[in-house]
Amino acid sequence: FKAKLSVVRGGRKGQEFPLEDGNNLVGRWDPETGSFPEVDLDADDPEAKISRKHALIRIDGGKITIEDIGSLNGTYVNRQPRLSPGSPAELKSGDEVIIGKTFLKLVVETIS
């Protein structure tokens, strides 16, 4: 399969971020701190609600997880309580991820 995050509310609606196997850092680009996230939401976050290193999406063995890595404003999945830093939550296609004021949707497509 291939997976991507799509911005559904806030920021650049319709913007897509392909996800790679392994670790995908979600945050804001910042050369001063050496933050170069695969999912760079800098342009989608005018109020700086997203931490430079906010969350980690991991694709491993067909499983997709998201983990908050100590962000200030938290990470939310499907409007459930805030994720505890360091406790990965499993994601499936169609899940909504809220980071700062940006709403993203996980899209998983099967490759035949």
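The following exercises, each with a worked solution, concern the strands and side-chain contacts of a predicted model.

**Exercise 1. Determine the strand order and the edge strands of the sheet that contains S5 and S6.**

Step 1. The strands are arranged in the order S4-S3-S5-S6-S8, which gives an open sheet of five strands with mixed pairing.

Step 2. Strand S4 (39-40) and strand S8 (89-91) are the edge strands, each pairing on one side only.

Step 3. Within this sheet, S5 (residues 53-60) and S6 (residues 63-68) are joined by six bridges in the antiparallel sense. Leu56 has Glu67 in S6 as its bridge partner.

**Exercise 2. Describe the sheet that contains S1 and S10, from its strand order down to one residue pair.**

Step 1. Here the order is S2-S1-S10-S9-S7; this is an open sheet of five strands, and the pairing is antiparallel.

Step 2. At its edges are strand S2 (16-19) and strand S7 (75-77), each of which pairs on one side only. On average, neighbouring strands of this sheet are turned by 25° against each other, direction ignored.

Step 3. Seven bridges connect S1 (residues 2-9) with S10 (residues 102-109) in the antiparallel sense. At the level of residues, Ser6 is found opposite Lys105 in S10.

**Exercise 3. For the salt bridge between Arg12 and Asp44, state the distance, the location of both partners and their accessibility.**

Step 1. The closest N and O atoms of Arg12 and Asp44 are 2.8 Å apart. This satisfies the criterion for a salt bridge, because a side-chain nitrogen of Lys or Arg must lie within 4 Å of a carboxyl oxygen of Asp or Glu.

Step 2. Arg12 belongs to the loop between S1 and S2, and Asp44 to the loop between S4 and S5; the pair links distant parts of the chain, 32 residues apart.

Step 3. Arg12 has 33% relative accessibility and counts as partly exposed, whereas Asp44, at 3%, is buried.

**Exercise 4. Classify the partners of the salt bridges Arg58 with Glu67 and Arg79 with Glu96 as buried, partly exposed or exposed.**

Step 1. The side chains of Arg58 and Glu67 meet at 3.9 Å, N to O. Because the cut-off is 4 Å, this contact qualifies as a salt bridge.

Step 2. Arg58 has a relative accessible area of 29%, so this residue is partly exposed. Glu67 is counted as buried because its relative accessibility is 15%.

Step 3. In the salt bridge of Arg79 with Glu96, the closest N and O atoms are 2.9 Å apart. Arg79 is in the loop between S7 and S8, while Glu96 is in strand S9 (residues 96-99), so the contact ties together parts 17 residues apart in sequence.

Step 4. With 57% relative accessibility, Arg79 is exposed; Glu96, with 18%, is buried.

**Exercise 5. Give the number of salt bridges and identify the residues of a salt-bridge network.**

Step 1. The count comes to 11 salt bridges.

Step 2. A network of salt bridges links Lys2, Lys4, Glu16 and Glu109. In general, side chains of opposite charge can pair when their charged atoms come close.

**Exercise 6. Report how many aromatic pairs the structure holds, and where Arg9 lies relative to Phe103.**

Step 1. Searching the whole structure yields one aromatic pair.

Step 2. Arg9 is placed over the face of Phe103, 4.0 Å from the ring centre. This fits the distance cut-off for a charge over a ring, because CZ of Arg must be within 6 Å of the ring centre.

Technical notes: Residues are numbered from 1 along each chain as its sequence is written. This is a predicted model: local features need pLDDT of at least 70, side-chain atom pairs count only at pLDDT 80 or more; totals for chains, interfaces and linings use all residues. Side-chain values use heavy atoms; hydrogens and water are left out. Rings of Phe, Tyr and Trp (its six-membered ring) pair if their centres lie within 6.5 Å; planes under 30 degrees apart count as stacked, over 60 as edge-to-face and the rest as tilted. A charge sits over a ring if NZ of Lys or CZ of Arg is within 6 Å of the ring centre and within 35 degrees of the ring normal. Two strands pair if DSSP finds at least two bridges between them. Helices (H or I, at least four residues) and strands (E, at least two) are DSSP runs, numbered from the N terminus. Axes are lines fitted to C-alpha atoms, for helices over the stretch in contact, and angles run from 0 to 180 degrees between N-to-C directions. Buried means under 20% relative accessible area, exposed over 50%, partly exposed in between (1.4 Å probe, protein chains only).
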